[in-house]
Amino acid sequence: MSIQTILKMGDSRLNQVAQAVQTFDTPSLHQLIADMTDTMAHANGAGLAAPQIGVDLQVVMFGSGEMNPRYPNEEPIPATTLINPVIKPLGNEQQLGWEGCLSVPGMRAQVPRWMHIQYTGFDVHGRAITRQVSGFHARVVQHECDHLLGVLYPFKVTDFSQFGFVEALFPELAALEGKQ
Ligand code: NI
């Protein structure tokens, strides 16, 4: 278990379509998830995808079960590891909301996302996960799963007046960003 280096936007490894996990409950998969857990916690992340630490697999994690200091106004999300995820929008309602990314340190933007989704996938043991979620939870899952398609949130910004540095947009959060 160790904290890994988080790749930054511009690294071509962040722009690839990740490979599906073929075998569950293996030592290497457990090791990957332990490394991602440590890395995400160290950075106070709301989520992390395996490609962000240079691993070409469809593994994401998100949530902590408690309030995240980088997103102090959002509801807690249960700590979840999701493998080979599939997202289906429920309805066609979209919502703009603020996002950041550990691969784009120091910045935030308003990004449109589906308001309600169903997501499916597997846990580390290969057990199926199915949830229907809304709002910030749905947003975080869409953001993390985009990483598995090689997509970072700046690619989805529609209003670039709502894209900037945390220190300018949210001075009260800037001290936390400095930890990254
Ligand atoms: Ni991200």
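In this predicted model, the lining of the largest pocket draws at least two residues from each of β3, β5 and α2. The volume of this largest pocket is about 260 Å³. Its lining counts 16 residues, and those that lie nearest the centre are I87, Q142, C145, D146 and L149. Sorted by class, the lining of the largest pocket holds 10 nonpolar, three polar and three charged residues.

The second largest pocket offers about 210 Å³ of space. Here, too, the lining is made of 16 residues, with M40, A41, G45, G63 and S64 lying nearest the centre of the second largest pocket. The elements α1, β2 and β3 each supply at least two residues of this lining, and α1 gives the most, with three residues. By class, the lining of the second largest pocket splits into seven nonpolar, eight polar and one charged.

The strands named above belong to two sheets, which can be taken in turn. Strands of a sheet pair through backbone hydrogen bonds, in either a parallel or an antiparallel way. Five strands of this model form an open sheet, and following them across gives the order β1-β2-β3-β6-β7, with antiparallel pairing. At the edges are β1 (47-49) and β7 (128-134), each of which pairs on one side only. Neighbouring strands of this five-stranded sheet are turned against each other by 40 degrees on average, direction ignored. Within the sheet, β3 (residues 80-89) and β6 (residues 116-122) are joined in the antiparallel sense over five bridges. A handy place to look for this pairing in the structure is K88, which stands opposite Q118 in β6. Helix α1 (residues 27-42) lies across β1, β2 (59-62) and β3, and runs at about 40 degrees to β2.

The other sheet is also open and has three strands in the order β4-β5-β8, again with antiparallel pairing. Strands β4 and β8 (163-165) stand at its edges with a single partner strand each, so one side of each has no neighbour in the sheet. From one strand to the next, the twist averages 25 degrees. The pairing of β5 (residues 107-114) with β8 is antiparallel and extends over three bridges; in this pair, M107 stands opposite F165 in β8. Helix α2 packs on this three-stranded sheet, where it touches β4 and β5, and its direction makes about 100 degrees with that of β5.

Besides the pockets, there are enclosed spaces to consider. How many cavities of 30 Å³ or more does a search of the whole structure find? The search finds two. The largest cavity has a volume of about 150 Å³. It is lined by 17 residues, and A46, Y71, G100, H143 and E144 are the ones that lie nearest its centre. Two or more residues of this lining come from each of β4 (94-99) and α2 (135-147). Of the elements, α2 gives the most to the lining of the largest cavity, with six residues. Seven nonpolar, six polar and four charged residues make up the lining of the largest cavity.

The second largest cavity has a volume of about 100 Å³. Its lining has 13 residues, of which E66, N68, E75, I77 and F136 lie nearest the centre of the second largest cavity. These 13 lining residues divide into six nonpolar, four polar and three charged.

One residue outside the strands and helices deserves a closer look. Where is Q52 placed? Q52 sits in the loop between β1 and β2. Is Q52 buried or exposed? Its relative accessibility is 1%, and since buried means under 20%, Q52 counts as buried. Leaving aside residues up to four places away in sequence, Q52 touches T5, I6, L7, L14, C101, L102, S103, E144 and H147. Among these contacts of Q52 is E144, which is also one of the residues that lie nearest the centre of the largest cavity. H147, another contact of Q52, is 95 residues apart from Q52 along the chain, yet the C-alpha atoms of Q52 and H147 are separated by 7.8 Å.

Note on methods
Residues are numbered from 1 along each chain as its sequence is written. This is a predicted model: local features need pLDDT of at least 70, side-chain atom pairs count only at pLDDT 80 or more; totals for chains, interfaces and linings use all residues. Side-chain values use heavy atoms; hydrogens and water are left out. On a 1 Å grid over the protein atoms alone, a cavity is a set of points where a 1.4 Å probe fits but cannot get out, and a pocket is an open set with protein on both sides within 12 Å along at least five of seven lines; lining residues have an atom within 4 Å of a point. Grid points are joined across faces, edges and corners, and a volume is the space filled by probe spheres set on the points. Helices (H or I, at least four residues) and strands (E, at least two) are DSSP runs, numbered from the N terminus. Ala, Val, Leu, Ile, Met, Phe, Trp, Tyr, Cys and Pro count as nonpolar, Asp, Glu, Lys and Arg as charged, and the others, Gly among them, as polar. Two strands pair if DSSP finds at least two bridges between them. Axes are lines fitted to C-alpha atoms, for helices over the stretch in contact, and angles run from 0 to 180 degrees between N-to-C directions. Contact means heavy atoms within 4.5 Å. Buried means under 20% relative accessible area, exposed over 50%, partly exposed in between (1.4 Å probe, protein chains only).
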